[in-house]
Amino acid sequence: MSLRHYNALASGNRATGIHLLDIASTSPSRLNHRAGQNSTSIGSSVTNNGTSASGTNSQRNSSERESVYGGRTRSDIIDEDRRYDRSSPGKQLGLNGLKNIGNTCFMNSVIQCLSNTKLLLEYLKKDSHVADINTTVSSMKGALIKAFALVIKELWSEDSSERVVNTVSLKSQIQRFAPRFMGYSQQDAQEFLRYLLEGLHEDVNRVATKPSPIHTEIDENLSDSDKATESWQRYVRRENSKVVDIFVGQLKSTLRCTHCGHCSVTFDPFWDLSLPIPQKSGPVRLSQCLESFTREETLDGDEKPTCAKCKERRKCTKSLSIHKFPKILVIHLKRFSPTERFRGKLSVVVDFPLEGLDMSNYAAEAHSQCRYNLYAISNHSGTTYSGHYTAYCRHPYSQSWHEYNDSRVSTIMPRSIVSGEAYVLFYELDSKLSHL
Ligand SMILES: [Zn+2]
């Protein structure tokens with residue numbers, strides 16, 4: 001039943017909401033519209049190609065320093081750092097910018113969000129990834145994660161000088177792994193994140209010899225919880241890494257036959273949740289997007305699945321819930337239509353909580369630990385055809401928020417974080433609860 005069920009899922013309206021590791025099915029880029037240009041300057045954004053309006057590097061760096069330190073004296077900063085980060089003798093680390101090497105703001109935005117992902121940061125900073133490098137089944141043999149770790153280490157360099165980190169060698173490794181990121185056209189940050197995480201995962205996959213996938217159906221008589229465990233074990237026997245430990249959750253899909261009432265459940269890993277934005281006037285709450293994602297829908301007409309009990313195609317209801325909550329929950333707001341390229345961008349404000357996002361309404365089981373705190377956002381400003389990416393991230397040690405706009409990093413007030421530009425949200429599982 002599981003394969004048939006999966007096919008039904010894949011043809012369902014919300015199939016695009018589930019991101020399996022199968023990147024071959026990823027929708028075509030919808031932002032690939034500035035091909036041939038090797039620089040971009042959109043709106044008031046500044047690119048770091050040497051000719052930007054804000055002047056020379058040294059001038060820009062001195063204004064960056066002021067914006068980072070927000071008028072406080074250097075000793076204030078040092079005191080603050082000593083409180084939060086004992087390894088730092090002088091300055092708050094992790095506040096270096098990234099050079100825009102030609103329409104790479106989508107990449108810079110994602111890198112900064114990942115750089116502030118504490119679990120991933122510490123894994124790379126401590127070189128724990130080195131022992132995990134997979135030289136057998138990984139197509140990149142560790143080259144991608146090594147290049148990524150170098151960029152992260154430069155972003156967290158203990159040098160006292162401000163610096164703008166260059167991503168040329170990382171970009172060339174990404175292009176080797178995913179040739180679609182060749183060239184200098186604007187890309188979609190969420191798609192880029194998926195490819196990057198997939199590549200990093202492959203490079204440190206603990207599976208040295210990949211067994212064939214198991215296609216047999218999971219015993220219908222098992223309890224839902226045992227089905228979920230079996231399904232997860234089938235996944236991790238092929239895909240098992242620190243990256244999976246951090247980012248991958250498990251989604252439960254329930255298909256119910258309206259004729260005989262038979263229920264069939266399947267469990268699938270997910271790397272992010274891709275949420276539709278309900279079309280209504282005025283601001284939308286994130287909970288409304290989550291409700292719309294998990295709401296029961298009817299599969300009828302051409303979408304009718306075959307019921308395992310009736311052995312016939314029947315009208316069924318389908319609903320999604322979260323069985324396994326990942327440590328890091330990535331939420332993608334579907335501001336762009338994957339099919340209707342000309343529909344334009346939904347720039348409505350989606351109101352999301354910075355703290356205490358309660359996911360229990362969307363949990364498959366009542367007792368799950370599922371409160372999350374926001375720590376990073378990839379923002380998209382402008383239109384589908386002409387846009388710019390930045391990131392807002394909460395510093396993993398000082399907890400202060402910063403805006404990362406390519407080479408420029410500045411402090412930002414938490415009240416400015418929710419905007420109509422938020423595109424990909426990064427939430428971490430509340431550690432106060434998960435350590436109970
Ligand atoms: Zn039936």
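Helix α4 (residues 105-115) is a good place to begin, since 11 of its 11 residues are buried, so this helix is largely enclosed by the rest of the structure. The model is a predicted one. The buried residues of α4 include the nonpolar Phe106, Met107, Val110, Ile111 and Leu114. Asn108, Ser109, Gln112 and Ser115, which count as polar, are buried in α4 as well, as are Cys105 and Cys113. Burial here rests on a simple count: a residue qualifies when 20 or more other C-beta atoms lie within 10 Å of its own.

Turning to the strands, an open sheet is formed by 4 of them, arranged in the order β4-β3-β10-β7 with antiparallel pairing. The edges are taken by β4 (263-270) and β7 (297-299); each has a single partner strand, so one side of each is left without a neighbour in the sheet. On average, and with direction ignored, neighbouring strands of this sheet are turned by 30° against each other. Within the sheet, β3 (residues 249-257) and β4 run antiparallel and are joined by 8 bridges. As a handy landmark for the reader browsing the coordinates, Leu255 stands opposite Ser264 in β4. Helix α10 (residues 224-236) lies across β3, β4 and β10 (316-324), and runs at about 35° to β4.

A helix pair comes next. Two packed helices are described by the angle between their axes and the distance between the axes. For helix α7 (residues 143-155) and helix α9 (residues 189-203), the packing angle is about 115° and the axes are 7 Å apart. This angle makes α7 roughly perpendicular to α9, and the crossing of the two is left-handed. On the α7 side, the contact is made by Leu144, Ile145 and Phe148, while α9 contributes Gly199, Leu200 and Asp203. By character, the residues of this contact divide into 4 nonpolar, 1 polar and 1 charged.

Two loop residues deserve a look for their backbone angles. Asp127, although not a glycine, has a positive phi of about 60°. Its place is in the loop between α5 (118-125) and α6 (128-132). Asp127 is exposed, with 10 other C-beta atoms within 10 Å; a residue is called exposed when that number is 12 or fewer. Lys311, also a residue other than glycine, has a positive phi near 55°. Lys311 is found in the loop between β8 (306-307) and β9 (312-313), and with 8 C-beta neighbours inside 10 Å it counts as exposed.

Note on methods:
Residues numbered from 1 in each chain as written. Predicted model: local features only at pLDDT ≥ 70, side-chain atom pairs only at ≥ 80, totals over all residues. Pairing = 2+ DSSP bridges. Axes fitted to C-alpha atoms, helices over the stretch in contact; angles between N-to-C directions. Contact = placed C-beta atoms within 7 Å. Parallel < 35°, antiparallel > 145°, perpendicular 65-115°, else oblique. Left-handed = near helix turned anticlockwise from the far one by under 90°.
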